[in-house]
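The following exercises introduce a reader to one structure. Each task is followed by a solution in steps.

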Amino acid sequence: MQEEDAETGSAPTAGIPGFSDAFCRPADEAARLRSMFDQAPGFIAILRGPDHVYEVVNRAYYQLVGPQDLLGRPVREVFPALARQGYIDLLDEVYATGKPFVGHQRQIRFQPSPDAPEIERYVDFVYQPLIEPDGTVSGIFLQGQDVTEQHNMQEALRRSEERWKLAIEGARDGVWDWKVNTGEVELSKQYKAILGYEELEFPNLLDEWTSRIHPEDRSATIDALMETLRTGTPFHAEYRLRCKNGSYKWVLSRGVIVARDQSGCAIRLTGTMSDISERKETEEIIWRHASFCSLTGLPNRRLFQDRLEQEVRKAHREGDQVALLFIDLDRFKEVNDSLGHEAGDRLLSQVARRLLNCVREGDTVARLGGDEFTVILTDLHDSPKVEVIAQKIIDRLAEPFRIKGETAHVSASVGITLYPCDAADSQGLIRNADQAMYAAKNGERNQFRFFQKQMRLRAQKGARLVRDLRAALPAGQMMLHFQPVVDLSTAAIVKAEALLRWRHPKQGLISPDRFIPAAEESGLIHDIGDWAFVEAATWAARWGKQRGGCFEISVNRSPVQFHRPSGVDWVHVIEQRGLPASSIVVEITEGVLLNASERVADALCHYRDAGIQVALDDFGTGYSSLAYLQRFHIDYLKIDRSFVHDLEWNEGSRAITESMIAMAHRLGLKVIAEGIEKPEQEAILRHAGCDYGQGFLFSKPVPPQVFEHFLV
């Protein structure tokens, strides 16, 4: 463009036959022109004749070349280095042809003084011929700008871009460049290769890019891009892009605004794209490991709590209800101990599948740990009643489980609480459901219970009870009472059952029905049970000595006490006291034998080998089975009081009782009937051949000092 202007005479000397003529005008105008010339921001010089002699030089020219003696001297003489660089030849050509020359960012080296080192500058310049009226060239008008700084900045930027490109290529990232006004998006070859495209297969349009974003990620990604346009903050987004084969890859895109229009609006963005699929897969594995049960595939406690909080917030916004169910498996420990942990794991997996089949797809089933599960029911206005779902769960879990060729039985205790009726937040719901579940478990089990406010009070009382129970044994508040066991054929007291009692310093005598479950749940039953055994053995030794023989005392051993080795070796205690082993009868419940673990079997064998007798308490109330009566060495069957209390008028109870007595005798077992309160009951049992009787008809449980009078 500058070259065309020079040819048409639009350069600063246009219309002036000779620049020197300007100085022949009146002195004031010449001075003004001289001042303008000298103060011009660009460097200017007038060279005369074929030797290019300096005639006029402005201040900017001296700033470029230094303090030189220029006027009246040829360029070749002042700057001989310019000849080697071709600049003298260019001057000669312009002078000879009359055609201007335009140079853009041309490098020039010269010495600012004869003894100074050579310097390097970059200039934009024009060689404009000075044409006389007769058409001859009399000189050259030289005008230009020192653009060294601009050149250096551009060069630095170029090197930076080269380094950036090398870094990007080394990192195997893709590069994108978006021209906002046209919608054109230029993508690098690597960008397209990451998605499996050849260079020409991916059109460079914004719509082509957005259409390949995963539908679930598209809105958030575009919003982030628009936020960058509005605020100027760097673009940063993780999203999925569709590959050529139809699959999706997780990518990380980053970008910045690199150009704006005169009004400040962004018109160009540039950035990179990285393939982060492997990282996302790793994060997914970590997240699933942290959020789901590896055994059942159900959400774990952490994810359950997160979902419950979300559902509570949603219900609050929409005025809806949420139901939370806590489910605890009854007798799971016995299955786990009897069939092994692998079988227990398989049972839990089957439980998970059955629970999922009991609820809708939008509901949440989670495993908190062990044999505890939860269910979150939402949108209750369109769902079956909560109690219907709870009963369905109970019925499904009560069905037999087939594991490793064996049949296992469990049941479920379910606690239910509702939002917002029972609690205003998720933590309150969790506490309520837990309390309701324990109410179901402490009842008849295999049932559901809705949370009631009095449950919270009972839970608080239960916590206080456990706290007081921890201090009961060291404080000497525990004691044993003894209930006589009578030989029905002679009416003589021949045995006794040791029964725990707790005399609370403020509440007085507390029933075992209250504190034994608390002791089992808290683990205190181990120390309390060992203490009761040692105390019973002491009295057995004393009364045996008084009677001149062996006196049997029955001691209850909780199922919980079989879960870990006892702190006291009962056989060793008997041996230390010189007692006949038959002085002690260990009473266990049917639940201990139903799914007896190896530890239970070993303990019972240990008792048998030592001569300690075993009584099966509450017979007939659980999953009675002849199989475990044959498998384990049992000495006594104790018929539960529920069969005894209506013997005199209930033919069914009488038939069952008589059958149990006959069966036990056929197996070589002795029979003890509990809960005898009437002479008629005692007569029926004696007539049926029952060996021993126990109940209020003979005596309530009494302190050992009172019981001792019965033996006189």
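**Exercise 1.** In this predicted model, determine which residues F482 touches, leaving aside residues up to four places away in sequence.

*Solution.* Begin with the contacts that precede or follow F482 in the numbering: A496, E497 and A498 are among them. Next, add W539, W543 and I553. Finally, include K700, P701, V702, P704 and F707.

**Exercise 2.** Place F482 within the largest nonpolar core, and identify which helix gives the most to this core.

*Solution.* The largest nonpolar core has 72 residues. F482 belongs to the group that touches the most other members, together with L469, I553, I588 and L685. Helix α19, residues 525-547, gives the most to this core, contributing nine residues. A second core, separate from the largest, has 34 residues, including F332, V386, I394 and L418. As a general background, nonpolar side chains in soluble globular proteins tend to be buried together.

**Exercise 3.** State the strand order of the open five-stranded sheet and name its edge strands.

*Solution.* The order is β12-β13-β11-β16-β17, and the pairing is mixed. The edges are β12 (364-369) and β17 (448-450), each of which pairs on one side only. On average, neighbouring strands are turned by 20 degrees against each other, direction ignored.

**Exercise 4.** Describe how β11 and β16 pair, and which helix packs on the sheet.

*Solution.* Strand β11 (residues 322-330) runs antiparallel to β16 (residues 411-419), and nine bridges join the two. Within this pair, I327 stands opposite V414 of β16. Helix α15 (residues 386-398) packs on the sheet, where α15 touches β11, β13 (372-377), β16 and β17. The direction of α15 makes about 20 degrees with that of β11.

Methods. Residues numbered from 1 in each chain as written. Predicted model: local features only at pLDDT ≥ 70, side-chain atom pairs only at ≥ 80, totals over all residues. Heavy atoms only, no water. Pairing = 2+ DSSP bridges. Helix = DSSP H or I, 4+ residues; strand = E, 2+ residues; numbered from the N terminus. Axes fitted to C-alpha atoms, helices over the stretch in contact; angles between N-to-C directions. Contact = heavy atoms within 4.5 Å. Core = buried A, V, L, I, M, F, W, Y, C linked by side-chain atoms within 4.5 Å. Buried < 20%, exposed > 50% of the residue type's maximum accessible area, 1.4 Å probe, protein only.
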